[in-house]
Amino acid sequence: MDARTAPRVVLVGPPGSGKTTVAQGLARYWDLAHRDTDTDVETTAGKPIAEIFVDDGEPAFRAMERDAVAAALADHDGVLSLGGGAVLDESTQAALEAYARDGGAVVFLDVTLAHAGPRVGFNQARPLLLGNPRAQWQALMQARRPIYERLATLRVLTDACTPAQVVEQVAHGL
Ligand code: S3P
């Protein structure tokens, strides 16, 4: 598939599902640009997400994230990866529904705790998982799964798959 026929793709899913790595792989596969909303937020704020949470609080982070997603969806034709909690925002949900109606693909990278845990590494970059990361992750996933499933035009279970295998599944599943 060349860039003219390459789809527009947004990757959603919980921390540890491999969104960023798979998005980079898909972008290479189609020779497209990759954009990541966590990176956009950090660039705008001029500091890492962990510091935004500490200095400004989660609501401020979510507002920045909502703006970053809206800007990226309006101005990006390649592969876009979203922070795991971006789908919690109702205007983001509406924007992703519109994106899908317009022919874009919203791909839910699904994963179980057993496989997400080692990938996440439970580090400072994910402030919501501090404390008891495994329990926090499970709670996040339980609350968000219905949203990921509702928004997705394609779901790929990434357990036991290499990033390259997930790239193949997404590319062939669209
Ligand atoms: C978050 C996930 C993170 C980052 C922030 C909040 C979440 O992104 O946006 O720490 O709410 O799940 P990743 O999904 O890339 O880890």
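## Exercises around Thr20 and its sheet

Leaving out residues up to four places away in sequence, Thr20 touches Asp36 and Ser81; touching, or being in contact, is a C-beta to C-beta distance within 7 Å, with C-beta atoms placed from the backbone. You're working with a predicted model here: local features need pLDDT of at least 70, side-chain atom pairs count only at pLDDT 80 or more, and totals for chains, interfaces and linings use all residues. Numbering starts from 1 along each chain as its sequence is written.

**Exercise 1.** Work out where Thr20 is found, and whether it is buried, partly exposed or exposed.

*Solution.*
- Start with the element: Thr20 belongs to helix α1. Helices here are DSSP runs of H or I with at least four residues, strands are E runs of at least two, and both are numbered from the N terminus.
- Next, get the cut-offs straight: 20 or more other C-beta atoms within 10 Å of a residue's own means buried, 12 or fewer means exposed, and anything in between is partly exposed, again with C-beta atoms placed from the backbone.
- Now count: Thr20 has 17 other C-beta atoms within 10 Å, so it is partly exposed.
- Finally, check the record: an unreviewed UniProt entry covers Thr20 with the annotation "binding site". Positions there are given in the numbering used here, feature names are shortened, and annotations may be inferred rather than shown by experiment.

**Exercise 2.** Do the same for Gly16: which loop holds it, and is it buried or exposed?

*Solution.*
- Walk along the chain: Gly16 sits in the loop between β1 and α1.
- Count again: Gly16 is buried because it has 25 C-beta neighbours inside 10 Å.
- List the contacts: beyond four places in sequence, Gly16 touches Val111, Ala116, Gly117, Arg119 and Val120.
- Back to the record: the unreviewed UniProt entry lists Gly16 under "binding site", along with Ser17, Gly18, Lys19, Thr20, Thr21 and Arg126.

**Exercise 3.** Find the order of the strands in the open sheet and say which strands are at its edges.

*Solution.*
- A bit of background: strands of a sheet pair through backbone hydrogen bonds, either parallel or antiparallel. Pairing here takes at least two DSSP bridges between two strands.
- Read off the order: five strands run β2-β3-β1-β4-β5, with parallel pairing.
- Look at the ends: β2 (34-36) and β5 (154-157) each pair on one side only, which makes them the edge strands.
- Add the twist: on average, neighbouring strands are turned by 20 degrees against each other, direction ignored. Axes are lines fitted to C-alpha atoms (for helices, over the stretch in contact), and angles between N-to-C directions run from 0 to 180 degrees.
- Check the bridges: β1 is joined to β3 by three bridges and to β4 by four, while β4 (residues 105-110) and β5 also pair over four.
- Pick some partners: Val9 is opposite Val79 in β3, Val10 is opposite Val106 in β4, and Val107 has Leu154 in β5 as its bridge partner.
- Look at the side chains of β1: Val9 and Leu11 point one way, Val10 and Val12 the other, and all are buried.
- Lay the helix on: α1 (residues 19-30) lies across β1 (9-12), β2, β3 (79-81) and β4, at about 175 degrees to β3.

**Exercise 4.** Name the residues around the ligand and sort them by class.

*Solution.*
- Collect residues whose backbone-placed C-beta lies within 6 Å of the ligand: Pro15, Lys19, Asp38, Ile49, Gly83, Gly84, Gly85, Arg126, Pro127, Leu128 and Leu140.
- Apply the classes: Ala, Val, Leu, Ile, Met, Phe, Trp, Tyr, Cys and Pro are nonpolar, Asp, Glu, Lys and Arg are charged, and the others, Gly among them, are polar.
- Tally: five nonpolar, three polar and three charged.

**Exercise 5.** Describe the phi angles of Asp31 and Ala160.

*Solution.*
- Know the background: most residues other than glycine have a negative phi.
- Take Asp31: its phi is positive, near 55 degrees. Asp31 is in the loop between α1 and β2 and is exposed, because it has 11 other C-beta atoms within 10 Å.
- Take Ala160: its phi is positive too, about 65 degrees. Ala160 is in the loop between β5 and α8 (163-173) and, with 10 other C-beta atoms within 10 Å, is exposed.

Note on methods. Two residues are in contact if their C-beta atoms, placed from the backbone, lie within 7 Å.
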